[in-house]
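Open the model in your viewer and keep a selection panel at hand. The tour has two stops.

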Number of protein chains: 2
Amino acid sequence: MGDKIQPIYEPLNSSSAIALVNRLGLFTENSVLTCNEIGDGNLNYVFHIADTSSNRGVIIKQALPYAKVVGESWPLTLKRAVIEANALKIFGSFCPQLVPKVYYSDEQLAVTVMEDLSYLKISRKGLIAGEEYPLLSRHIGQYLAKTFFYTSDFYLEPGKKKDFAKQFTNPELCKITEDLVFTDPFFDAETNDFEKALTEAVKNLWSDERLKLEAAKLKKSFLTEQEVLLHGDLHTGSIFAGAQETKVIDPEFAFYGPAGFDLGLYFANLLFQAITRKGSSKEVIFTHLHDVWLTFEAEFSTLWKQESKEVYCKTEGYLEYTLQKIFTDALGFAGCELIRRTIGLAHVEDLDGISNEGERILAKKTALQLGRALIMNRQQEAKIESLTTIVKDQLLAASLS
Amino acid sequence: MGDKIQPIYEPLNSSSAIALVNRLGLFTENSVLTCNEIGDGNLNYVFHIADTSSNRGVIIKQALPYAKVVGESWPLTLKRAVIEANALKIFGSFCPQLVPKVYYSDEQLAVTVMEDLSYLKISRKGLIAGEEYPLLSRHIGQYLAKTFFYTSDFYLEPGKKKDFAKQFTNPELCKITEDLVFTDPFFDAETNDFEKALTEAVKNLWSDERLKLEAAKLKKSFLTEQEVLLHGDLHTGSIFAGAQETKVIDPEFAFYGPAGFDLGLYFANLLFQAITRKGSSKEVIFTHLHDVWLTFEAEFSTLWKQESKEVYCKTEGYLEYTLQKIFTDALGFAGCELIRRTIGLAHVEDLDGISNEGERILAKKTALQLGRALIMNRQQEAKIESLTTIVKDQLLAASLS
């Protein structure tokens, strides 16, 4: 690691977590506090601390110096806690309603103390349980429009943007994505993890040179294109949702990258639901896809017209070119996410949670086919129907429509 | 400026420059030294210090805290001296024969002490005088292949590349390019400087929305695509040449950007000669264009096949895709350079030095037309004939072939 902040780093436990919030004066003096570690991620502790009488609480997130999923053998920089806290503050400044409030952050302890959102549900779990979340995708469309526009060269003075890009250089977490999303699933790599019944499908994918060439281009885009400050891990497990509210959490993968990446990850994680939901409940997911793109497109276009600093933003066709690039990139990144969540190291409950083996294998094969189709056919007109048509065709081919 | 190193910065003069080389022990104790300020750039002092008996010399380059061309009204960071010294060292480690040796650098004084190349000629001046430099473009092709490949994600571990990109963040000098190459010439900006006889041609350019859209895309590429460590200002005035030797100097604009930028600038600065040379002496320039591309392509392909670390470099078609992108980008950047050197703030002697007004205006109009043609038609097969055909067509149309 060689991290300068390591020597005084110490993992929190319930009592030191409570001591921290007391020191910060976040509760009244005579509060009786409870503390539970509720993290289900791979990289962090998450403590929920609540006042037993008022039920008011806060969250303390602490980065661990390794990935929990593989144990201490995979060390990870604690600097990601600083990146996460700073990203929450920046994103929160654009979308205060859509990002948890940060009360305190400490670089040395690698902790962020923030708003308790436990009255909401992680949207992946809610969607799997059949919840509809009618505002979720409109909120995400707004979030993407604002975070993209306000961190791009269309709005920021280029020197300021370069400062941000430097500040959010995030090599270790980017490497996780470079390897686990863009590389390993397309090769016979040790990190891959797939069911035996998928072997033939996986081997076909590994021998598909045309697909690998397109994956290479998408990886290159991820490695080189500093368009906007991305969340970097915007799947449905990084979003709390309720009937009225949406909160985007966990931006520890934040870095300057291609705008389509966040959108693509969100598309893909909705698409797992489009694959696994049955009958008419699929339609809700198509509505989500429409909502996120149309809201994003409208909001981003408004910001572009009203607040751009880049003189070329007045040039005919430049907005359309920009939206087109984001859409095309998003389809490609969505395809990579569908594939890697099916056969790579980190899976999704949407697929793995299907108890009937035949159904689960069919869903996984469909995810692979759809991923491939999106990567290979991403040069589509930037209309949400371009996406939904590809999806419906694949579902039909798999008799899952 | 707010530069921390400012307080102890002081512009050198002949006696302090001589004192510096004496302190460094670069000459024997009893040497009699002469010192001349020979800088003809806009941003720096360049001292040539030589031993009168042996005629051995060294160069001291010192960054000025403002652009000489506009006077003290345009302040510029002194950090560019550090960037230049570090870039010379890195480029020199890949191509020791093609980059001046650095003997010493001092961040506080913003100086770099380096090899004396005054036995060579600045290639722009030599080319204008009709020199042929048969090895020049092969050397530049090698230089580009090595500096691009060894600083790219194809070779470098991504974390190491991100470190370099951070180290070479160069906002102030990039802003000069963003404004003077990509923006101002396409708008009625104060910095522009063109002859009255060009007014109609310039107004046509400013009202050409299709051209401006393409210029916007090229500017976006410059702002966002961190492909390789660029020289950043690779015109023929940044290259010393002789019959056998070539040395690339002045990388103070170095930063991580799109690979095609350096190649495009070199193309464009050869093209001024293709426009202005007469009769059969034009052919030498077409040979240079062939040489630089073919050498680059061959050398880069060899490095790719022998030394890539990126696993996708073995994927069929990825090398061709990469070369195609570099070529297409280079044509576009060449077009921007042709236009900006004709009507923007900083001109070239190739055009301005033509004493006959009619000939000069025709050459300048041709540079504008050719610039436009390259930007609009840059999606060409990556073969050097794609470029030379466009050039010959434009020369023919202007009766300059």
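Begin with strand 8 of chain B, residues 239-241. Three bridges join this strand to strand 9 of chain B, and the two run antiparallel. Keep in mind throughout that the model is predicted.

Pick out Ile239(B) next. Its bridge partner in strand 9 of chain B is Val248(B).

Now select helix 4 of chain B, residues 136-151. The helix packs on the sheet and touches strand 8 and strand 9 of chain B. Its direction makes about 45° with that of strand 9 of chain B.

Add strand 6 of chain B to see the whole sheet. Three strands make up this open sheet, in the order 6-8-9, with antiparallel pairing. Which strands stand at the edges? They are strand 6 (121-122) and strand 9 (246-248) of chain B. Each has a single partner strand, so one side of each is left without a neighbour in the sheet.

Leave the sheet and turn to the cavities. How many of 30 Å³ or more does a search of the whole structure find? Four. The largest has a volume of about 360 Å³.

To find the largest cavity, select Ala165(A), Lys166(A), Gln226(A), Ala165(B) and Gln226(B). Of the 31 lining residues, these are the closest to its centre.

Then colour the elements that each supply at least two residues of that lining. In chain A, take helix 5 (158-167), helix 8 (209-224) and strand 10 (255-257). In chain B, take helix 5 (158-167), helix 6 (171-180), helix 8 (209-224) and strand 10 (255-257).

Finish by colouring the lining by residue type: 14 nonpolar, eight polar and nine charged.

Notes
Residues numbered from 1 in each chain as written. Chains lettered and ligands numbered in written order. Predicted model: local features only at pLDDT ≥ 70, side-chain atom pairs only at ≥ 80, totals over all residues. Heavy atoms only, no water. 1 Å grid on protein atoms, 1.4 Å probe; cavity = no way out; pocket = protein on both sides within 12 Å on 5 of 7 lines; lining within 4 Å. Points joined across faces, edges and corners; volume = space filled by probe spheres on them. Helix = DSSP H or I, 4+ residues; strand = E, 2+ residues; numbered from the N terminus. Nonpolar A, V, L, I, M, F, W, Y, C, P; charged D, E, K, R; others polar. Pairing = 2+ DSSP bridges. Contact = heavy atoms within 4.5 Å. Axes fitted to C-alpha atoms, helices over the stretch in contact; angles between N-to-C directions.
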